[in-house]
Amino acid sequence: MKRRLPVSAEKSDSPGRIALRTLVSDKRSWIASIFLIFIAILAIFAPVYAHNIAHTDPFNSSLNATIHLHGKDVPVLEQSTGGLGLGVTPIGPTWNFSKYFLGSDNQGRDVFARLLYGGRNTLMIGTLAALLTIIISIIIGLVAGYWRGFIDSFLSRILDVIWAFPVYLLSISLSVVLLTSGLSIGPIHVGAGSLALPIIIIGLVYVPYVARPIRGQVLALREREFVRAAVGSGAKNSTIIFREILPNIFPSVLVFVPLMIALSMLTESALSFLSIGVQPPAASWGTIINDGLGLLYTRPVVAFAPGFMIVLTAVALNLLGDAVRDALDPKARLRGAL
Amino acid sequence: MRRSIAVLALASTLSMGIFASTQTASATGTDAPLAAFDASHAGGTLKLVANAAAGSLDPKINYTAQYWQLYQATYDGLLTFSYGDGKNTFNVVPDLAVALPKISNGGKTLTFTLRKGIKFSNGAPVTVADVKASFERIFKVSSPTAGSFYNGIVGADACLKAPSTCKLDKGIVVNAATGSIIINLVSPDDAILSKLAVPHAVINPASAPSKDAGTTIIPTTGAYMFKSYDPNKSLIMVRNPYFKEWNHQAQPAGYPDEIDYTFGLTAEAQVTAVENNQANWMYDPVPADRLNELGTKYASQVHVNPLTAMWYLPMNVNIAPFNNVKARQAVNYALDRAAMVKIFGGSQLAAPVCSFLPPNFPGHVDYCGYTKGATPAKPAKAWGSADLALAKQLVKESGTAGTAVGVVVSDDEVNKQMGEYVQSVLNAIGYKATLKPISGNIQFTYIQNTKNKVQISVTQWYQDYPAASDFLYVLLGCASFTPGSDSSINMAGYCNKTLDAKMKAAILQGTTDAAGANKAWGAIDQAIMADAPVAVAFTPKNLDFISSSTKNYHFSLQYKMFVDQIQLK
């Protein structure tokens with residue numbers, strides 16, 4: 001969406017200010033930001049809800065727990081009494097914030113409390129993985145684009161190799177391998193159940209998708225007059241990179257941030273759904289969907305609630321990404337590169 | 001035997017055959033034998049559905065409950081387990097043999113006479129040469145139980161070392177003129193009749209391949225033969241044109257004209273197919289969220305039967321923290337078996353137990369040393385509730401608190417939930433537990449291999465045949481522990497020399513004094529559980545869901561539902 005700016009602003013304000021003003025005036029960015037802040041606050045206060053309001057431990061099985069509801073004690077997992085008495089059904093949504101608001105899962109755990117904790121992990125992994133992707137991509141893009149030649153060819157071929165594998169295939173393969181023994185690089189060891197594993201895996205598999213456009217932009221910037229002038233005036237490479245090139249690729253990087261968070265979050269959810277992401281008893285939205293898979297007929301809310309959250313959050317991040325893109329560079333079509 | 005996964009040679013278990021003087025074949029069955037065949041109900045196509053096929057169709061290779069169920073109606077051995085209902089189905093009856101064997105030479109010689117006039121489904125007559133070749137074939141194809149069930153046959157040792165050239169000239173002596181078959185054993189074996197009655201001992205034509213036949217169909221002798229088999233699609237059984245009933249309790253005529261087994265449906269889809277009469281029976285366990293629906297709307301089509309099986313947690317007694325008996329006892333006290341029953345589907349589908357031998361099994365004694373208020377020395381009659389406080393105290397006393405523990409489970413829904421529960425319990429009593437779900441195809445062998453350093457796992461055991469030794473000696477005998485092997489069924493790595501000697505003595509006693517032996521097995525069970533190499537959780541029941549158009553349901557404690565006895569009209 002292209003927006004026309006006031007003539008006075010175009011004359012007096014810096015590009016950053018103009019972009020910020022454009023972003024602030026975009027309703028999509030407001031809606032998306034408010035929703036994301038709301039989700040983040042809910043996730044941050046998950047322990048407060050679990051311990052002080054619901055009085056539950058969402059990571060411990062409570063198969064024999066009972067709650068007091070409508071004047072009587074009700075088991076959280078109820079043995080069927082009709083017919084042959086087959087099966088045990090978890091309690092459904094009570095719509096009471098202080099006890100099993102969204103009901104229970106198969107382990108007798110509070111689904112709403114796990115949903116909040118799951119949001120923490122999903123958003124944290126999504127955000128950190130996206131930042132990891134972007135940091136690595138900036139380094140690769142700058143080095144390959146600025147020095148060109150052999151270094152560029154070498155780094156580009158590595159990116160090609162990673163790109164050759166579908167993202168999900170590669171991340172599933174890496175997860176399956178690393179989940180059994182963890183990751184050891186020299187003195188650094190990441191445990192098999194650590195949340196750092198999905199962050200590293202997701203962070204790495206998306207690098208080619210961000211590094212390539214950045215490299216292309218650096219290659220173009222390298223030929224611009226102001227860079228040539230800096231080279232001609234004898235400026236150091238580090239000075240040129242950090243003072244001349246990096247500030248100019250920053251807007252593009254900013255556009256990538258929300259989009260990469262959304263993609264990383266979706267990948268994390270997929271891996272956790274397949275039991276190769278976040279490991280039990282920890283929760284993520286993906287693991288909760290997996291928990292609810294066996295309850296689709298009796299307690300569909302267990303699977304639908306986290307699914308709903310994933311959809312809303314991904315939509316919000318994409319809206320924000322679009323708004324940032326329009327604000328920073330209305331002509332950019334960086335999403336096409338993804 | 002595990003429920004559905006083709007697995008395990010039971011290694012060198014049961015290798016010590018012991019004495020028998022004169023052996024009576026069948027346990028005293030109290031439940032009903034099979035009613036006479038009623039031709040007016042014959043006909044139709046029985047439709048069975050399952051998520052997946054069970055691998056090789058070769059009866060000497062396949063070791064799954066899924067196909068052993070079908071072999072009952074297709075293949076025959078010299079002996080077999082009886083048709084009928086209830087305990088009657090544990091009885092061993094003569095099948096291709098005229099009668100139960102005459103046992104002599106201190107239990108080391110079994111003499112059979114082959115029935116005359118029986119033909120394979122390709123029209124060839126069954127001869128004593130086929131019988132001898134079939135026993136040699138057990139070793140030639142490296143049957144999973146070759147080294148455990150049949151290694152007591154004279155000459156078996158050489159066959160195990162050089163399978164391709166296996167000859168049992170001294171072990172299986174046949175006389176074509178008289179039809180006599182003499183099986184010579186190295187030493188007496190109290191369970192030999194049961195071992196001769198399972199599918200790995202069925203009689204195939206001498207021309208059957210000396211390797212795993214895979215999807216190639218081997219001619220049958222029973223009421224049905226296999227017409228086609230595509231593991232990705234279906235298995236079709238039709239009537240054997242050469243079949244004539246010879247022993248109604250061993251191999252009765254079947255009712256359906258054809259039995260079609262279709263693969264590839266999820267358990268959810270299977271339930272729906274049976275509900276809609278698109279299928280007559282489903283193999284896989286009913287998903288937890290459909291149980292209530294079946295129990296209320298389709299109650300008349302549901303059959304729940306006891307199984308001689310158990311879900312249990314082997315604890316590796318050779319590595320920390322479970323190399324400390326107090327740590328193992330703590331797990332036994334901490335397990336809320338009622339909670340695990342809930343995960344399995346509720347009290348109608350499973351019952352909490354503490355003892356190693358399942359209820360209604362030879363040697364079983366009602367006791368529980370790991371319930372609130374009881375100790376292994378002063379056990380209660382049954383499990384009542386978990387004792388978390390005592391469990392925490394035992395962990396503290398053992399000095400193992402804070403140890404990292406990996407719980408290895410199969411990655412299917414129910415096993416994973418069991419694992420999550422166990423992880424929660426271990427964390428609650430002071431360990432740092434992590435869950436390691438791995439593919440069901442490899443989990444059972446993975447947890448057997450000591451190289452994988454598995455500390456605790458969740459697994460199941462379903463009987464091969466009704467004898468206490470099939471549980472205690474197979475799963476916890478010293479001979480079953482083979483470090484570094486995928487076929488080390490004693491997953492706990494437990495080897496108590498004193499108790500091992502007592503188990504061998506009980507096997508020996510069982511050949512002459514079944515009641516006395518069972519009493520001894522009961523005592524051994526309690527002595528082993530005092531050491532707590534495993535934590536037994538519950539004994540499951542079998543649920544069959546059949547369509548409204550089917551009748552004449554009969555259940556075998558050995559092979560589950562008799563598919564060939566289902567009537568469609």
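How far apart do the C-alpha centres of domain 1 and domain 2 of chain B lie? Hold that thought for the first point, and keep in mind that this is a predicted model.

1. **The two domains of chain B.** The answer to the opening question is 33 Å, taken between the C-alpha centres of domain 1 and domain 2 of chain B. In sequence terms, domain 1 of chain B covers 55-219 and domain 2 of chain B covers 309-542. The two do touch: nine residues of domain 1 of chain B are in contact with nine residues of domain 2 of chain B. On the domain 1 side of that contact you'll find five nonpolar, two polar and two charged residues.

2. **Chain A at a glance.** Turning to the other chain, chain A has 338 residues, and 43% of them are buried. Its secondary structure comes to 14 helices and six strands. If you lay the C-alpha trace of chain A along its principal axes, it spans about 85 × 50 × 30 Å. Take the contacts in chain A between residues at least 6 apart in sequence: 69% of these join residues at least 24 apart.

3. **Where the chains meet.** How many residues of chain A are in contact with chain B? There are 27 from chain A, and they meet 32 residues of chain B. Strand 3 (77-79) and strand 4 (88-90) of chain A each give at least two residues to the side that touches chain B. Sorted by class, that side of chain A has ten nonpolar and 17 polar residues, with no charged ones.

4. **A helix tucked away in chain B.** Have a look at helix 8 of chain B, residues 337-344. Seven of its eight residues are buried, so this helix is largely enclosed by the rest of the structure. The buried ones are Arg337(B), Ala339(B), Met340(B), Val341(B), Lys342(B), Ile343(B) and Phe344(B). What covers them? Part of the cover comes from across the interface, including strand 3 and strand 4 of chain A. Chain B contributes too, with strand 14 (350-352), helix 10 (413-428) and strand 19 (534-545) among the covering elements. Just after helix 8 of chain B comes Gly345(B), with a positive phi of about 135°.

5. **Two helices side by side in chain A.** Helix 12 (residues 285-293) and helix 13 (residues 301-328) of chain A pack with their axes 7 Å apart, at an angle of about 155°. Are they roughly parallel or roughly antiparallel? An angle over 145 degrees counts as roughly antiparallel, so helix 12 and helix 13 of chain A are roughly antiparallel to each other. Helix 12 of chain A passes helix 13 of chain A in a left-handed crossing. From helix 12 of chain A, the contact residues include Trp285(A), Ile288(A) and Ile289(A); from helix 13 of chain A, they include Val302(A), Ala303(A) and Met309(A). By class, this helix-helix contact has nine nonpolar, two polar and one charged residues.

6. **Backbone oddities in chain A.** Some background helps here: most residues other than glycine have a negative phi, and most peptide bonds are trans. Now check the loop between helix 11 (237-273) and helix 12 of chain A, where Pro281(A) lies. The bond joining Pro280(A) and Pro281(A) is a cis peptide bond, with omega about 10°. Ser275(A) lies in the loop between helix 11 and helix 12 of chain A as well. Its phi is near 70°, a positive value in a residue that isn't glycine. Ser275(A) counts as partly exposed because it has 19 C-beta neighbours inside 10 Å, and a buried residue needs 20 or more.

7. **Backbone oddities in chain B.** Which peptide bond is cis here? It's the one from Ala320(B) to Pro321(B), with omega near 0°. Pro321(B) is in the loop between strand 13 (309-314) and helix 7 (325-334) of chain B. Ser142(B) is not a glycine, yet has a positive phi of about 55°. You'll find Ser142(B) in the loop between helix 2 and helix 3 (156-161) of chain B. With 17 other C-beta atoms within 10 Å, Ser142(B) is partly exposed.

8. **A pair brought together by the fold.** Asn122(B) and Asn240(B) are 118 residues apart in sequence, and their C-alpha atoms are 8.8 Å apart in space. Asn122(B) is in the loop between strand 5 (109-113) and helix 2 (128-140) of chain B. Asn122(B) counts as partly exposed, with 15 C-beta neighbours inside 10 Å.

Technical notes:
Residues numbered from 1 in each chain as written. Chains lettered and ligands numbered in written order. Predicted model: local features only at pLDDT ≥ 70, side-chain atom pairs only at ≥ 80, totals over all residues. Contact = placed C-beta atoms within 7 Å. Helix = DSSP H or I, 4+ residues; strand = E, 2+ residues; numbered from the N terminus. Nonpolar A, V, L, I, M, F, W, Y, C, P; charged D, E, K, R; others polar. Buried ≥ 20, exposed ≤ 12 C-beta atoms within 10 Å, placed from the backbone. Axes fitted to C-alpha atoms, helices over the stretch in contact; angles between N-to-C directions. Parallel < 35°, antiparallel > 145°, perpendicular 65-115°, else oblique. Left-handed = near helix turned anticlockwise from the far one by under 90°. Domains from an automatic or database assignment.
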